[in-house]
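Let us walk through this structure step by step, beginning with a single residue and then turning to the sheet and a helix that lies across it.

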Amino acid sequence: MPRPMFDSEYLYGLHDPGGEQLMLDASTPGWVVISEKIEADPNDHGGQNYTHLSGRGLGVIVRLNYGYPPASTIPYASRYEDFAKRCANFVHSSPGCRIWIIGNETNMYAEQPKSPDEKITPALYARCYRLCRNAIHAVDPGAQVLVGAVAPWNAETGDWVKYFEEVLKLVAGECDGFTLH
């Protein structure tokens, strides 16, 4: 039997913590999406504690980024295994969250590796996602690992709809869900 996508059904949410009290004061709890820069050191076992949010009845979704522009959202392909291990280490050390997003807007030039340029194709993103999902599920089988959203206004790597469609085809059967912007 497939597991439910989320543990609760919230309608509202915030990107970044800080405004969650508004939802709580209105007796309308929701999601808090947090973005974390974790890089790709496979020996780094650091994490964050999100129980200050989840313990108050809020849903927590964390996006795992290798870095932020000018660094890339996922590393060079040669570092995908290290990044996957780092993701698993971070998840293992981060109570209060069970939903994880791998990267962000991989179809946008600003989120891609530089010097030398490496275009994050749908095939490369799918490979990185699968490695991260498998590594995370090894430390938390109940975790939900989501495909990162594409930039819907961006055509720097071609038609964004086709890009996202190709990613979803490549991870079919190995995907816990996806995010949208």
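**From one residue to the sheet**

In this predicted model, Thr-106 is found in the loop that runs between strand β4 (99-102) and helix α4 (122-139). Although a loop position might leave one wondering about its surroundings, Thr-106 has a relative accessible area of 4%, and because buried means under 20%, Thr-106 counts as buried. Once its neighbours within four places in sequence are left aside, Thr-106 is in contact with Thr-73, Gln-112, Ile-120, Tyr-125, Ala-149 and Tyr-163. With Tyr-163 there is also a polar contact, made from side chain to side chain at 2.9 Å.

From this loop we can turn to the sheet. Here 5 strands form an open sheet, arranged in the order β1-β2-β3-β4-β5, and their pairing is parallel. At the edges stand β1 (13-15) and β5 (144-147), and since each of these has a single partner strand, one side of each is left without a neighbour in the sheet. From one strand to the next, the twist averages 25°. In general, the strands of a sheet pair through backbone hydrogen bonds, in either a parallel or an antiparallel way.

One of the pairings can be followed in detail: strand β2 (residues 31-37) and strand β3 (residues 59-65) pair in the parallel sense over 7 bridges, and Trp-31 stands opposite Gly-59 in β3. Helix α3 (residues 80-92) lies across β2, β3 and β4, and it runs at about 155° to β3.

Methods:
Residues are numbered from 1 along each chain as its sequence is written. This is a predicted model: local features need pLDDT of at least 70, side-chain atom pairs count only at pLDDT 80 or more; totals for chains, interfaces and linings use all residues. Side-chain values use heavy atoms; hydrogens and water are left out. Helices (H or I, at least four residues) and strands (E, at least two) are DSSP runs, numbered from the N terminus. Buried means under 20% relative accessible area, exposed over 50%, partly exposed in between (1.4 Å probe, protein chains only). A polar contact is a pair of N or O atoms within 3.5 Å; within protein, one must be able to donate a hydrogen and the other to accept it, and residues adjacent in sequence count only if both atoms are side-chain atoms. Contact means heavy atoms within 4.5 Å. Two strands pair if DSSP finds at least two bridges between them. Axes are lines fitted to C-alpha atoms, for helices over the stretch in contact, and angles run from 0 to 180 degrees between N-to-C directions.
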